[in-house]
Structure formats: structure tokens, C-alpha cells
Amino acid sequence: MRATSRLLDRRKAIRTSLERGGFDLVVVGGGIIGLSTAWQAARAGLRVAVIERGDFAGATSSASTKLVHGGLRYLAMGDVRLVYENHAERRALADTVAPNLVRPVPFLVPLYEGGPHGRVKIGAGMLVYSALSKFEDGPGRLMSAKKAAAMVPALRVEGLRGCGLYSDHQMNDSRLALMVAHAAADAGAVLANHLEVVAFRDRGGRISGADVRDRIDGSEYGVDAQVVVNATGPWVDHLRAMEDPGAAPSVRLAKGAHLVLRQHEPWQAALTIPLDGGRVSFAIPWEEQLLLGTTDEPYDADPADVACTDADVEQILAEAGHAVAADQLVPENIVYRFAGLRVLPLGEGDTQHAKRETVVTIGPRGLVSVAGGKWTTFRRIGFDVLHKAREFLPDVELGRADVVLPGAADPDAVARVLRASTPDLPDDVVAHLASHYGTHAHALATLMATDPALARRIHPDGPDVWAQVVYAVTDEWAFTVDDVLRRRTTVEVRGLVTPQIRADVAKTLTATLPPLSSARSEPPRSWLGRWSRRRQAAGA
Ligand SMILES: Cc1cc2nc3c(=O)[nH]c(=O)nc-3n(C[C@H](O)[C@H](O)[C@H](O)COP(=O)(O)OP(=O)(O)OC[C@H]3O[C@@H](n4cnc5c(N)ncnc54)[C@H](O)[C@@H]3O)c2cc1C
């Protein structure tokens, strides 16, 4: 990427903020676990920085199945307590913490003649699963094949004896992670993406910060901190080896790949397709497309190289084909593919049946490492990491109250206000902005009111508009075209990126960056964090 002088100014400003130091906690890794840890820590009054080598949620945290769920598979594994806890977290996220981004979806479990499960077992499973969420989504039950086909037009009906019905939620994982980033910044954390930790600093045999390399301007410098948290997901053992070259591996990795397909007709429910051997495959309506997956294979190569291969595509389509009509599953419908890595505890046996546990450890030089776990329980994992790090930190109160994420709101209420303030905006754009931005959509409306050209769609077939690109740069830490098209907007996951769009976004990125000299007359935006603003105001 050709760095412009404004871009370089921005990177320098990040460096100044980080070099000032005085951090209680530096979190390495800006996936959902690092961001959540930073959020909890900043809320507790600690001085926190997050350092992310790529983009926030650029790795596993934007490669999930997008489910906020109790976890039907844990029920099958007999882990009733885990399902109960996950359900409670799911409801909290959907009801209060992020209701615009965490949306309910009914799930059907199709039961075919000769399939792996019978009606009695699935009927009982649906009932227990819904009981563990206190029937707050209504009781799970069996449904006739006819009713199921009315909800899912592409459901394969030959041999279908009925379906189980249960409820879970889904999200846009990239945008939800960004809202957690906003929350951390609002609570005072300094967030830096495109910055890689290359070594640890040492004071008297203990880790006292990190040496970093800026992946945009190439500069190298150090960041001092009392405690460093290693929240690098699939890279967790790489960082542990930086702490102690003799450290034995602590986790194994399993790849999961997904496809996004153009959908012929909207579905009213998702499918959980039982496969032989106890696995399931999902077919989920998501962002007006169809999300399929996932696979589950051991992975030993470099985590940075993980990708959805042609063999994965074949497997995902074949597994979906158990329940989805063949004409929906033609390769020409594929608009996007992606893969991520599950981080599993070391152990014998196949990865498919390994527990998705979170393990927090402290290394010989004080590095706090977190590995594994679910997106659904990100708040609890962040809290657990902080609890563990506490022995090295000032005495802080760890609050557990339900704090809502920035922008959190009933999306229908946001849409009503948006419609009134921007009456020319098409309904699909209004609904898209309301659900993906919550009350932050009003900032986008202000941008569009100031410059009506920003209300134009980025691609005629999608609901994303140019105001989002500007907002991504000014308020959401976007530095590259991929940051914008893959994670701040949904252009790429809908298969709508063209060379012209990439070029126009690149132009907007540089044109939108405020020169630092003009930014000095007003407080910098959230990308430097309120903490840095407070320190600047205090003349620190
Ligand atoms: C296929 C798949 C499907 C899933 N589906 C679901 C689901 O539907 N629901 C659910 O609840 N959970 C799901 N999960 C689990 C969930 O996605 C993960 O638990 C979660 O995203 C892990 O987040 P993380 O922050 O630990 O890791 P990551 O998101 O991978 O973040 C780690 C970050 O560390 C950064 N990093 C690495 N090295 C350095 C360095 N040296 N310096 C700076 N930064 C560095 C990386 O760039 C990366 O962004 C799924 C997981 C997979 C793999």
C-alpha cells in the first residue's frame, strides 16, 4: 500500500500515544477475546492498549459461523451446564448488550428416512435445549415436513419425515467486534491495528512490554506495560515461544471453512443438518445470502495461510446437499469463501469431538495467555483473563453489570428515526444501517445530509453506502481497502467487490483522512481512544 503523508501522520499519532507508555495492560491480538479483555480492563479503570497485527477481527473472529448460540452439540456431548450458561449469555447479548446486531433465527433439524437421528431423540433434544434457555424463545418441538418447506423454500423434501425446531441467534461477527472495539475505546483503551508485536521487553526477568513493528509505515518502537496479555488465538503458542523459546505447545488447531452463496428466495429459518459421525453442517440465511459450513480438520501449517480450498468447497456443498436442493448449491452461486482456525486444548482423538474450552495460563516471565473458547461467551472470557491477570495489577474492582455496547438499540426504533431524517433512503439501506450500526447510524445520516453523494450505494446490488466508507476511516480504525470492504461493510461478503470499487475506496480512504494539523484544533476521534485524549488534555 502506498502510504500518503496523512496516513503516515496518523501512524505517528498512534506511536506517540503508545510510546507515552504507562500502561497497566497491553493486550496483544485484536480479535474478539483481546477486544473484550481490553473493554473489561478499561472499564475497571486500568490503562490499556490493544495491539493488533492485522485488522480488528481480521482473523478467526470474522471467520465464524456467526452464531450466538447455546450449542446444540454440547447438549449431544452431555454438557448441560455449558449449554445453560451459553444460552444465558446469548439472551443477554440479544436483549440488552447488542440487540441490533444479535438477531433471532429459528433453526430446523431435518430428519430424513435412514438419517442418523430419529424423531423421538430429536424431539426430546429440542425440548431440553429450549428448557435450558428457560423457554424464553418458546419450546423446541417437532414440525411437519410441509410446514418446514414453507419456511425454507430450498429444503429437500424427498424422504423428509419432519424437522426439529429450536431457536438461537446470529450476528455479523466483524461488526459486533468493532462495537466491542468502540466500547473499549470509549472506556479509555488505546487501540492500534496493523501493528505487530515482534518481541517482548524485559525488566528483571519479567515481561515489561512489547517491541512492535508498524505494518503500514515500517517503523519499530517499544510499548511499556505492567502486564502483557497474549490473546492471539491461533498464534497463541508463537507468542508463548517469544516468552520462552522452550515452551511446549499448549494447543492444537482445527480448520473450519465456510461458503457464502447467492440465495434464490429468502428463508424464514436456518438448517442444522445432521451428518454421520455426530457432526452437523449449517445452512443459514445471513446478510440476505446463504452461509454454509463448516468443516473440521486438523491444521498444522502457518495460521496466516489458512484458506478455504477447492476440496473444502466440494465438501461443504456435498454436506449441504443432504438437505438443500441441488439447484441452490451450484458453484456459480458462490460469492465468498473463508476459513478460520479453532484453538483446541491438546489431547488425543479427533478435533470434531474436542471440547471448545478456554484455557488461561501465566508463563514463566508473566505472560498471560488465553486460548480457545467461543465468540458467544466473549464477555465472560474477557473477564476470566482479567481475573487471572489481576495478581500483577493494581487492586481494581471488576464490574460484571450488563453494560450495553455503543450504538446498542432496537433496530426498528433506529430505522424509524432514520426514515424520518433521511426520507429518500431506500428501505433496505435503512434496515441495513439500523441493524449494523444501531444508534451510530445517525452519524451516517448526518454525513449523508452534509454530502448527499455519500447516500449512494457502493454497489447497486447491495445496501452498503459511501457514508460507511467515510465513517470507517474517521471513526472505525479502517486503514486499508480490505478493512473497509470485508469488515466495516458487507460489500465483499456479498461478492460485490469490483476493481473500480476497490480503486474508489482507496481514493476515499486517503481523501477522508483528516490532516493531523486540522485534527489538533478539535479532539481526535475515537481511533486514538478517550484515554489518550484525557492524557493530552492533562498535558501528559
Ligand atoms: C470455523 C469456526 C467457526 C466458529 N463459529 C462460531 C460460532 O458460530 N459461534 C461462536 O460462538 N464461536 C464460534 N467460533 C469460535 C470463535 O470464532 C473464536 O472463539 C473467536 O473468534 C476467537 O477469537 P480470538 O480473539 O481468540 O482469536 P482471533 O480472532 O484469531 O484473534 C487473534 C488476533 O491476534 C492477532 N495477532 C497474532 N499475532 C500477533 C502479533 N504478533 N502481534 C499483534 N497481533 C497478533 C491476529 O492477527 C488476530 O487478529 C468459531 C470458530 C471457528 C474457527
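**Entry 1: Val 396**

I looked up Val 396 and found a relative accessibility of 9%, so I logged Val 396 as buried. The model is a predicted one, and I keep that in mind for every entry below. I then checked where Val 396 sits: the residue belongs to the loop that runs between helix H10 (378-389) and helix H11 (411-421). Next I listed its contacts, skipping neighbours within four places in sequence, and got Ala 44, Leu 46 and Arg 390. I also took one distance across the model: from the C-alpha of Val 396 to that of Ala 441 I read 34 Å, with the two positions 45 residues apart along the chain.

**Entry 2: Ala 13**

I turned to Ala 13, which is part of helix H1 (residues 5-19). Its relative accessibility is 11%; the cut-off for buried is under 20%, so Ala 13 goes down as buried. I paired Ala 13 with Ala 150 for a second distance and read 56 Å, C-alpha to C-alpha, at a sequence separation of 137 residues.

**Entry 3: aromatic pairs**

I went through the aromatic rings, using a limit of 6.5 Å between centres. I counted seven aromatic pairs by this rule. For Phe 107 and Tyr 166 I have 5.2 Å between ring centres and 15° between planes, so I wrote the pair down as stacked. I checked how far apart these partners are in sequence: Phe 107 is in strand S4 (residues 103-112) and Tyr 166 is in strand S6 (residues 160-170), 59 residues apart, which makes this a link between distant parts of the chain. I looked up accessibility for both: Phe 107 is buried at 0% relative accessible area, and Tyr 166 is buried at 3%.

I then took Tyr 437 and Tyr 471, whose centres are 6.0 Å apart and whose planes make an angle of 70°; this pair is edge-to-face. Here too the link is between distant parts of the chain, since Tyr 437 comes from helix H12 (residues 427-437) and Tyr 471 from helix H14 (residues 466-475), at a separation of 34 residues. I noted both Tyr 437 and Tyr 471 as buried.

Back at Phe 107, I found that this residue and Tyr 166 belong to one aromatic cluster with Tyr 129 and Phe 282.

**Entry 4: charges over rings**

I searched for charged groups over ring faces and noted two cases. Arg 175 has its charged end over the ring of Tyr 437, 3.8 Å from the centre of that ring. Arg 156 lies over the face of Tyr 112, where I read 4.5 Å to the ring centre.

**Entry 5: the ligand**

I counted the residues around the ligand and got 36, the closest being Glu 52, Thr 60, Ser 61, Gly 373 and Thr 376. I then looked at polar atoms. Gly 373 places a polar backbone atom 2.6 Å from an oxygen atom of the ligand. Thr 376 uses a polar side-chain atom, at 2.7 Å from a ligand oxygen. For a ligand nitrogen I noted 3.0 Å to a polar backbone atom of Thr 65.

I also looked up how covered the ligand is: alone it exposes 1,000 Å², and the protein buries 95% of that area. Last, I listed the elements that contribute two or more residues to the shell around the ligand: helix H2 (32-43), strand S8 (195-203), strand S11 (251-262) and strand S16 (334-345).

Definitions and conventions: Residues numbered from 1 in each chain as written. Predicted model: local features only at pLDDT ≥ 70, side-chain atom pairs only at ≥ 80, totals over all residues. Heavy atoms only, no water. Phe/Tyr/Trp six-rings, centres within 6.5 Å; stacked < 30°, edge-to-face > 60°. Helix = DSSP H or I, 4+ residues; strand = E, 2+ residues; numbered from the N terminus. Buried < 20%, exposed > 50% of the residue type's maximum accessible area, 1.4 Å probe, protein only. Lys NZ or Arg CZ within 6 Å of the ring centre and 35° of its normal. Contact = heavy atoms within 4.5 Å. Near = heavy atom within 4 Å. Polar contact = N/O pair within 3.5 Å; in protein donor to acceptor, adjacent residues only side chain to side chain. Areas by Shrake-Rupley, 256 points an atom, 1.4 Å probe, with all protein chains shown as cover.
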